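This report describes how two ligands are held in a protein model. Please consult the sequence and the coordinates shown below.

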Amino acid sequence: MKILMATSEALPFAKTGGLADAVSALSLALAKQGHEVRMVIPRYYSIDRSKLRLLDGAMGVPTGGYEEWSAVYTAALPGSSKNPVLVYFIDHEQFFGRDGIYGVPSEPDFLDNPRRFTFFSRAVFQLCRKIGWYPDVLHAHDWPTALVPVFLKYGERTGEFAKTISVLTIHNLGYQGIYNRDNYYYANLGWDVFYWAGFDDWNMMNLLKAGINSADKLNTVSPNYAAETQTQVHGFRLDGVLRYRSGDYTGILNGIDTEVWNPKTDSYIPRPYSSTDMTGKAAAKEALQKAFNLPVEPDIPLIGMVTRLTEQKGVGELFGPAYGSIWSICRDMNLQMVLIGSGEAWCENEIKSLAYRLSNFKAHIGYSETESHLIEAGSDFFLMPSRYEPCGLNQMYSLAYGTLPIVRNTGGLADTVVNFNQETGEGTGFMFDDLTPSAIYNTVGWAVWAYYNRRPQIEAMRLTGMKHDFSWEKSAKKYLALYEKGLASG
Ligand code: ADP
Ligand code: GLC
């Protein structure tokens with residue numbers, strides 16, 4: 001099967017969150033199973049052109065009123081095996097020749113984002129024409145490429161694209177690409193399509209909503225989130241649209257890249273380890289305590305966090321001044337806590353101040369692969385109190401590293417973590433239902449209590465988590481089944 005991934009993020013070229021990990025790992029897994037997979041992403045300023053190959057000739061992309069001109073670069077996706085995944089980079093100086101993927105701190109959502117990603121979505125079709133390669137499946141991801149299914153349905157499904165189907169994966173329903181409808185002219189689709197495709201959103205235009213209405217098949221990144229998004233609580237106002245499309249909508253759990261996230265081979269940690277020899281985990285704990293300037297104490301529970309500091313991740317309930325539970329957790333309990341993260345300014349500032357005032361809480365504001373690996377390996381517990389979580393990768397990394405997740409019972413967290421059962425000792429983590437400061441406090445307290453009082457059960461839980469298979473192979477098969485369903489009904 002020929003599959004083209006249209007995406008705004010892909011590891012290792014451009015990443016703001018798990019989308020980048022998921023798209024690249026899925027592409028590699030599909031290629032490993034013998035399929036012809038290619039990817040297309042914008043050539044952001046940060047992607048070094050000297051490492052890419054320039055295709056001959058410029059590429060014209062029709063937009064509202066005039067044609068944009070761009071260049072196309074290509075390279076193989078790192079990690080590709082015998083069957084390489086080719087990546088195409090769309091180069092357009094005005095739209096992508098600047099810092100930032102969606103924005104910069106002074107302008108978090110670029111004013112011209114609707115035009116940047118409308119252009120990019122149309123360029124996907126021109127690219128196929130330019131290289132003379134037409135996919136069976138056009139696979140789009142989130143709002144930035146949500147117009148790909150719309151363009152296919154309304155205009156492009158002719159000639160070589162006559163049999164092509166579109167699949168749209170929702171990685172996060174919280175971001176929909178809602179913009180002033182004055183930008184609509186740029187898609188060159190006509191006002192009839194505006195209403196047919198359901199762009200209309202309270203006098204604005206909603207790119208994700210139009211994509212949901214137009215894609216042949218839809219999915220999100222965990223079965224539980226697929227169900228949740230069809231309810232008012234988690235539907236971000238699109239629950240009705242998703243219920244309407246429920247026959248074509250499913251949940252497929254993400255995998256993790258087991259070449260990168262594997263305690264047996266991880267080069268970021270002092271010593272490799274496995275479920276049969278856990279001594280390397282103790283070494284990682286020591287290294288982590290040193291790296292974060294904490295006293296080296298093997299027998300104090302260490303809680304780690306790696307996160308974007310945004311409301312989605314429950315940071316208000318944890319760090320909100322005079323409200324969040326972090327202060328009581330660190331003051332009342334004999335534990336250590338480390339965090340690496342970046343995001344909203346209020347939260348970064350609050351965390352810096354807390355790290356200064358609490359001796360057992362240490363934090364680095366920023367982004368670091370090295371430290372994220374060390375935290376996953378060296379912590380006893382991993383805290384993820386998400387308000388909502390389409391899938392979540394970090395809790396799966398934690399399980400693979402024998403680190404017990406403390407998570408809210410929501411989205412993909414509920415699909416991957418099994419709550420500790422004190423009677424039987426079964427489970428792989430600790431869960432709570434309501435997102436409140438006291439629920440986080442109590443559940444962390446429960447985990448810490450178990451660490452001191454149920455140590456054999458804790459050690460057994462670590463091993464259960466480590467044995468679980470979170471590889472992409474299984475998930476890739478489910479995507480193939482979805483593609484096949486789409487092609488059969490197309
Ligand atoms: P989301 O995409 O919603 O942020 P996920 O759990 O799916 O959540 O993916 C987050 C990804 O980003 C993980 O690979 C995680 O390790 C990484 N990550 C997030 N913040 C940081 C950070 N400050 N440093 C290093 N990695 C980070
Ligand atoms: C989004 C979600 C996260 C998911 C990731 C990859 O960023 O917030 O839960 O794991 O996409 O699908």
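The text that follows covers the two ligand shells, one helix and two individual residues.

This is a predicted model, in which local features need pLDDT of at least 70 and side-chain atom pairs count only at pLDDT 80 or more, while totals for chains, interfaces and linings use all residues. Residues are numbered from 1 along each chain as its sequence is written, chains are lettered from A and ligands numbered from 1 in the order in which they are written, and side-chain values use heavy atoms, with hydrogens and water left out.

**Ligand 1**

Ligand 1 is surrounded by 20 residues, the closest being Gly18, Arg308, Lys313, Gly366 and Leu393; a residue belongs to such a shell if one of its heavy atoms lies within 4 Å of the molecule. By class, this shell holds five nonpolar, 10 polar and five charged residues. In this scheme Ala, Val, Leu, Ile, Met, Phe, Trp, Tyr, Cys and Pro count as nonpolar, Asp, Glu, Lys and Arg as charged, and the others, Gly among them, as polar.

The table lists polar contacts of both ligands, a polar contact being a pair of N or O atoms within 3.5 Å; within protein, one must be able to donate a hydrogen and the other to accept it, and residues adjacent in sequence count only if both atoms are side-chain atoms.

| Ligand atom | Protein partner | Distance |
|---|---|---|
| Ligand 1, oxygen | Lys15, side chain | 3.1 Å |
| Ligand 1, oxygen | Lys313, side chain | 2.8 Å |
| Ligand 1, oxygen | Leu393, backbone | 2.8 Å |
| Ligand 2, oxygen | His171, side chain | 2.6 Å |
| Ligand 2, oxygen | Asn254, side chain | 2.8 Å |
| Ligand 2, oxygen | Cys391, backbone | 3.0 Å |

Of the 560 Å² of accessible area that ligand 1 has on its own, the protein covers 93%; areas come from the Shrake-Rupley method with a 1.4 Å probe, and for residues only the protein chains shown count as cover. Two or more residues of the shell come from each of α1 (18–32), β14 (302–309), β15 (336–343) and α14 (394–400). β14 gives the most, with three residues. Helices (H or I, at least four residues) and strands (E, at least two) are DSSP runs, numbered from the N terminus. Domain 1 (2–255 + 472–489) and domain 2 (279–466) each supply at least three residues to this shell, the bounds being those of an automatic or database domain assignment.

**Ligand 2**

The residues around ligand 2 include Gly18, Leu19, Val221, Gln312, Glu389 and Leu393. Five are nonpolar, six polar and one charged. The protein covers 93% of the 310 Å² of accessible area that ligand 2 has on its own. Because both domain 1 and domain 2 give residues to its shell, ligand 2 lies between them.

**Helix α1 and two residues**

The 15 residues of α1 should span 21 Å at 1.5 Å a residue, and the end C-alpha atoms are 21 Å apart, which agrees; the expected span is 1.5 Å times one less than the number of residues. Of these residues 13 are buried, so α1 is largely enclosed by the rest of the structure. Buried means under 20% relative accessible area, exposed over 50%, and partly exposed in between (1.4 Å probe, protein chains only). Just after α1, Gly34 has a positive phi of about 95°.

Ser222 sits in the loop between β12 (217–220) and α7 (223–228) and is buried, with a relative accessible area of 0%. Its side chain reaches the backbone nitrogen of Gly412 at 3.4 Å. Thr416, in helix α15 (residues 411–416), is buried at 7% relative accessible area.
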